[in-house]
Amino acid sequence: MSLTANILLGAPGSGKGTQAKRLVETFSLTHLSTGDILRDAVSKGTEIGLRAKAIMAEGKLVDDDTVNGLVFARLLDETSDVLFDGYPRTLQQAQALEDFLSSKGMKVGHVVLVDVPQEVLEARVVGRRLCSNNACGAIYHLETKPSKQAGVCDVCGSPLKHRSDDTSEAFQSRMGEFNSTFQPLLGFYKHRPNFRSVDGNRSPELVFESLHHVFGERA
Ligand code: AP5
């Protein structure tokens, strides 16, 4: 069976994770977030996790070969179309993904940029809180999406946590990485017929409406 890999592009805090959760449910996709895969490796103390821990805490990018290796291993076992969130992040990752997909008879589907002005991103990231139960992973914000009971997940009742790289300092570094890698990545995808950009500086519901429309089209 030929699988399709769909891609959400966007800066830190642009809402990729928030939207990916709804898209995968609606369109029966597998959610592949390289940030989640790497954080899982860190929490399990695997060899990759031990190497990635300090890099991620500083807001730097993990090297392309490591990330590509993790992604391709997941794709080999995959039986559903996937939605990437946070991958590819560099031109090298995009090219390696393309080569890997074509060698396996798979293809890139929708590529969507969630476009948010830089000046609103820091407040989103610093105020973000996440469910500590990885199987739930619900995403909150202290001001714009608070949980009903402070510090407790509405969905599963687990404690909420603050990601160690959701500080102002790490955010500046993450934005620096984004700004130095994004234009070549965008250049790789933006002239393709399956590329779209949606305005991510609206309510999550309106952003989802636009994404729903895009994903409803044939890629
Ligand atoms: P990763 O986990 O991918 O982080 P990121 O790309 O920086 O993205 P975020 O998770 O911060 O934001 P998001 O866009 O998902 O926003 P969210 O929906 O949560 O990567 C972390 C690290 O891992 C990297 O720094 C790097 O070290 C490493 N890494 C990962 N992938 C890699 C790769 N491919 N190559 C190399 N290294 C890699 O929303 C954020 C907040 O905003 C939430 O509080 C939410 O409630 C709120 N919000 C969401 N939408 C809206 C809206 N429309 N309006 C108002 N608020 C909103």
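**The ligand and its shell**

Helix α2 contributes four residues to the shell around the ligand, the most of any element. The model is a predicted one. In the sequence, α2 covers residues 34–44, and α1 (16–27) and β6 (139–141) likewise each supply at least two residues of that shell.

In total, 33 residues surround the ligand. A residue belongs to this group if one of its heavy atoms lies within 4 Å of the ligand. Thr18, Thr34, Lys60, Arg128 and Arg174 are the closest. Sorted by character, the shell holds eleven nonpolar, twelve polar and ten charged residues.

Some contacts can be followed atom by atom. Two of them involve the protein backbone. A polar backbone atom of Gly13 is 2.9 Å from an oxygen atom of the ligand, and a backbone N or O atom of Gly15 lies 3.0 Å from a ligand oxygen atom. With Gln93, the side chain takes part: one of its N or O atoms is 2.9 Å from a nitrogen atom of the ligand. How much of the ligand's surface does the protein bury? Taken alone, the ligand exposes 1,000 Å², and the protein buries 95% of that.

Strand β6, which supplies residues to the shell, also belongs to a sheet. This open sheet has three strands in the order β6-β5-β7, with antiparallel pairing. Its edge strands are β6 and β7 (160–161), each of which pairs on one side only. Strand β5 consists of residues 128–131 and is joined to β6 by three bridges. In one of the pairings, Arg129 has Tyr140 in β6 as its bridge partner. Arg128, at the start of β5, is among the residues closest to the ligand.

Note on methods. Residues numbered from 1 in each chain as written. Predicted model: local features only at pLDDT ≥ 70, side-chain atom pairs only at ≥ 80, totals over all residues. Heavy atoms only, no water. Polar contact = N/O pair within 3.5 Å; in protein donor to acceptor, adjacent residues only side chain to side chain. Areas by Shrake-Rupley, 256 points an atom, 1.4 Å probe, with all protein chains shown as cover. Nonpolar A, V, L, I, M, F, W, Y, C, P; charged D, E, K, R; others polar. Pairing = 2+ DSSP bridges.
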